[in-house]
Amino acid sequence: MPTASILTFGCKVNQYDSNTIYDTMVKSGYEIVNPEKNADICVVNTCTVTNSADQKARQVIRRIIRKNPRAKIIVTGCYAESDRKAIEAIPGVSLVFGNREKTEFQHYLDMINNKKLLQIEPVTHDAIREHANFSMGISSPGDRTRAIVKVQDGCSAFCTYCIIPFVRGRMTSRPLEDIMKEVRRIASTDCKEIVITGVHLASYGIDTGKEKTLADVLEQVHSIDGIERIRLSSIEPMNFPHNLAACLAELPKCQPHFHLPLQAGSDQTLKRMRRRYTTEEYTKLVEKLRSLFPNVGITTDIMVGFPGETDQDFEDSKSFVEEMRFSQLHVFRYSPRRNTPAADYLNQVTPQISAERSKRMIDLGNKLSTTFREQMIGKTVNVLFENCRNDDDELLTGFSGNYLRVAVNAPDTAINQILPITLKSISGESLKGNLLKVKKSEVV
Ligand code: SF4
């Protein structure tokens, strides 16, 4: 049996795309092996959100070629879309194509198998704009417990630092019927949780005149038997639909975790980033979610070292982050992206200052995460267990509704079960707990 490996970088949207590539390869008779093993075909699905994402992709591609000198190397994803030439210049790469052409994956695979390697024509931005890349819809989740479902692709916000609208095209909503077909297929497996994802999830429906909204999508998904939990992946605070929080609160399968990318906690910086919300508006959204969902986990992305970010802007950001009591922070340093306005802004922050700010923000994130987890000790939460055990103590792990990793002493029969766990202590990045028989009313 021919073998293939798929290595994915970046966000859940890219993970979804890789799942569809996985499905195509399996249907074409490939055995999918771990990317560390030799394979006949190696697919690398790249990200380009920062310079370091590009650099990492190039390093990994070179390493795979060294380890697999006879393999066909296929590179796709956002970096392939933004700088195809840089990847084509790596000796040993067989084929490079961007996001739009992912729907043609079967065709490219056939060409490779027939040894007719082809040069894919670079796509124009107009073509990317039309691209939606939904036609592949996965038939089964790659993971037994949780499946990602892409309902939206692309973005029209053009934040001044971001390359994504150039490599994913403008916002495009997936038709509801198409989403539901995929959700029903997933529900017929024993997968328990669906993660609704998109590049700019909050904009779902805007391009179709709000014929269907994100609330409609969630209500429909909620009505499907077999799906026990629904989670939203990252959702932008701008365009956050006004009825969405109330709608989610009425749907008990929807989990109390929201990833709301903040990027900066200084109004001046937000304005220069063209983020179209103020810290006051962001605060109102967080307060609303906290009032509707007890013990809600609110996580965020925060950028440091944006051009022109003064010491005061950074201190404002840090204070605001502290005020928001996030349960987890993803901190990243600004890096200039081609064709974006911020790349030409004056007053670029030096790498030394950016590194020092990043360290301080990461320290704050660790402190907030510990505080949040300490507050959860003694509470009982429902945890969906995955096929995953800690390396050191062999405890089985899974996620609570508010997205805390929880580890317990439990047998393999607990895998893919949602079980009530009383949280006892913090252990590294997880919480340890006990499996208990409790009344439903005691679960938070
Ligand atoms: S909302 Fe802004 S940061 Fe997010 S993908 Fe769109 S342009 Fe990029």
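Here are a few friendly notes on this predicted model.

1. A word on conventions to begin with. Residue numbers start from 1 along each chain as its sequence is written. Because the model is predicted, local features need pLDDT of at least 70 and side-chain atom pairs count only at pLDDT 80 or more, while totals for chains, interfaces and linings use all residues.

2. The chain holds 14 helices and 17 strands (DSSP runs numbered from the N terminus: H or I with at least four residues for helices, E with at least two for strands). Its radius of gyration is 22 Å, close to the 22 Å from the globule rule for 444 residues, so the chain is as compact as a globular protein of that length (taken over C-alpha atoms; the rule is 2.2 Å times the number of residues to the power 0.38).

3. The C-alpha atoms fill a box of roughly 60 × 55 × 50 Å along the principal axes.

4. You may like the open sheet of three strands, ordered E10-E11-E12 with parallel pairing (strands pair if DSSP finds at least two bridges between them). Strands E10 (257-259) and E12 (328-333) stand at the edges with a single partner strand each, so one side of each has no neighbour in the sheet. Neighbouring strands are turned by 15 degrees against each other on average, direction ignored (axes are lines fitted to C-alpha atoms, for helices over the stretch in contact, and angles run from 0 to 180 degrees between N-to-C directions).

5. Strand E11 (residues 297-304) is joined to E12 by six bridges, and the two run parallel. Within this pairing, Thr-299 has Gln-328 of E12 as its bridge partner.
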